[in-house]
Amino acid sequence: MQKLSLNNLGIIFRRELMGYFATPLAYVFIVIFLITNGIFTFELGGFYARGQADLLPFFGFHPWLYLFMVPAIAMALWADERKTGTIELLLTLPVRLADAVLGKFLAAWALTGIALLLTFPIWITANYLGDPDNGVIVASYIGSWFMAGAYLAIGSCMSACTRNPVIAFILTVSICFLFVIMGSPILLNAFPDWTPQAIVDAFAALGFLTHFDSISKGVLDIRDVLYFSVFIAAWLLASAIVIEIKKAN
Amino acid sequence: MIEIRNLTRKFDQVVAVDDLSFEVREGEVLGFLGPNGAGKSTTMKVITGFLAPSAGSVTIDGFDIGGKPLEAKALIGYLPEGAPCYGDMTTLQFLRFIARIRGFRGEEAERRIAGVMGDVALESVAHQTIETLSKGFKRRVGLAQAILHDPKALILDEPTDGLDPNQKNHVRELIRNLAKDKIVVVSTHILEEVTAVCTRAIIIDEGRIVADGTPAELEARSRYHHAVEVRLAGELDLAGELEGVAEIAGVEQDRLDRASFTILSAGKPIFARVSELAQQRQWPVEEFHVRRGQLEDVFRTVTENAGTREAA
């Protein structure tokens with residue numbers, strides 16, 4: 001009998017990442033990501049007009065950009081496995097479900113990381129034109145990547161709920177939208193005046209914007225990173241539970 | 001050895017597998033038969049650890065599939081229904097992925113991949129993406145991944161579905177060769193396949209075992225076992241002629257060809273007795289041959305009975 005492999009997580013991660021680049025998906029995603037980032041930053045964000053050497057307009061759009069881009073990668077994570085039946089192959093191999101869930105998530109997260117890294121020309125531009133605080137920018141990049149992970153983790157769970165990727169996409173966008181606006185004044189102002197401040201604060205604390213705002217200003221607070229990490233872990237755990245329950249259909 | 005003890009699997013209120021118990025030993029090729037929806041695939045999904053049982057247990061060589069899933073799964077090679085594979089990979093990439101997951105590295109992995117690609121004749125499509133392959137090739141890729149680690153237990157859900165007659169023959173040959181020191185469970189709805197490759201057959205219906213035995217034993221349960229078929233050239237009251245002969249259970253006339261009769265045996269071979277009678281009494285016989293019991297007859301009898309029992 002052969003030895004049990006302990007690095008199945010890595011094997012699944014590599015297969016998934018390879019899968020993205022074997023189809024046009026990865027390239028289309030990266031190109032569209034870069035183009036929209038460029039438009040948002042330079043046109044809508046008033047990068048030049050602001051006259052400041054920072055990447056605030058760039059990062060400020062990320063919560064809204066991810067809202068549509070990230071669910072597009074996440075939607076196929078498990079829905080496709082169910083649709084083609086490969087889930088039965090994967091889960092009857094000597095692989096733990098946790099390895100499969102995490103491996104697939106990490107591959108998708110790596111893809112968003114690659115796309116994010118490829119926005120470096122914007123960072124170079126800022127450095128060429130002025131003298132930005134590069135520490136702030138690095139912190140913002142890390143924060144933005146963690147936020148993308150949170151979107152993906154929701155997507156992983158929604159993708160596990162259905163064998164139809166389009167439904168998974170719509171569900172993911174809706175839930176992500178909820179978490180984006182949770183911390184925004186639009187929703188917070190809707191609370192009646194008599195609501196205890198603690199509840200409003202707790203509600204706001206669950207939203208993405210609350211945590212991302214400080215990150216994008218360069219304050220990489222360990223609590224914000226922890227928030228996104230716990231958020232990701234919780235949704236991945238939910239993914240595993242949903243997969244386990246829905247395997248039968 | 002695979003041991004299945006009081007296995008039950010429910011989907012909501014529907015009982016797909018109902019208190020199933022059996023064992024399969026090394027060297028056995030078990031044909032798993034049953035009408036569509038009888039619970040064949042569900043049983044296989046539980047044995048391979050894809051679905052958890054609602055009640056009961058499955059152990060592979062002593063490893064409980066629920067308690068020690070990784071150890072048990074390492075012993076199993078499984079071809080799921082429809083032979084799903086990752087379509088975006090080439091045959092070689094896919095088999096390398098499986099080899100790595102199965103714990104093989106470097107030269108060992110390449111040697112095994114080359115071996116199984118030879119076994120199921122995949123060399124010509126090694127660098128083609130799986131989604132562009134024909135149904136027969138896809139099925140063989142699925143088989144290749146199942147046998148790559150030389151598994152102790154091989155579970156194949158309809159392995160020859162969608163193959164042409166030559167490929168079917170090839171796969172059966174492969175299963176026979178693999179079977180020597182392995183446990184093989186093959187589900188199929190092609191009954192001739194059972195006679196061709198299996199040393200034992202289990203027929204299930206509505207989640208329960210309705211027949212279990214060697215193909216020969218099952219065939220012997222057919223009412224047509226040892227029967228003699230006769231085609232007459234002229235008029236004769238065959239039923240009347242044979243009335244009172246102890247070895248004979250009855251005579252059936254063919255509904256379409258009125259000159260053809262099937263003489264049913266009461267249990268023992270009757271060919272000699274019937275041919276003796278035919279000579280003595282000068283029957284106008286045109287054709288005369290022994291019929292073997294057909295698995296198909298038994299299959300129909302046991303699965304139809306279960307249906308009526310349920311309705312009653």
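The exercises below deal with chain A and with a helix pair shared between chains A and B of a predicted model.

In this predicted model, local features need pLDDT of at least 70 and side-chain atom pairs count only at pLDDT 80 or more, while totals for chains, interfaces and linings use all residues. Residues are numbered from 1 along each chain as its sequence is written, and chains are lettered from A in the order in which they are written.

**Exercise 1.** Find how many helices and strands chain A has, and describe its burial.

*Solution.* Counting DSSP runs (helices are H or I with at least four residues, strands are E with at least two), we obtain 14 helices and 0 strands for chain A. Turning to burial, where a residue is buried if 20 or more other C-beta atoms, placed from the backbone, lie within 10 Å of its own, we find that 42% of the 249 residues of chain A count as buried.

**Exercise 2.** Determine how helix α1 of chain A and helix α3 of chain B are oriented to each other, and which residues make the contact.

*Solution.* We begin with the axes, which are lines fitted to C-alpha atoms over the stretch in contact, with angles from 0 to 180 degrees between N-to-C directions. The axes of α1(A) (residues 8-22) and α3(B) (residues 91-101) come within 9 Å and cross at roughly 165°. Angles over 145 degrees count as roughly antiparallel, and α1(A) and α3(B) are therefore roughly antiparallel to each other. Finally, taking residues as in contact if their C-beta atoms lie within 7 Å, we find Asn8(A), Ile11(A) and Arg15(A) on α1(A) and Phe97(B), Arg100(B) and Ile101(B) on α3(B).

**Exercise 3.** State what the C-alpha trace of chain A spans along its principal axes.

*Solution.* Along these axes, the trace of chain A spans about 65 × 50 × 30 Å.

Terms used: Parallel < 35°, antiparallel > 145°, perpendicular 65-115°, else oblique. Contact = placed C-beta atoms within 7 Å. Buried ≥ 20, exposed ≤ 12 C-beta atoms within 10 Å, placed from the backbone.
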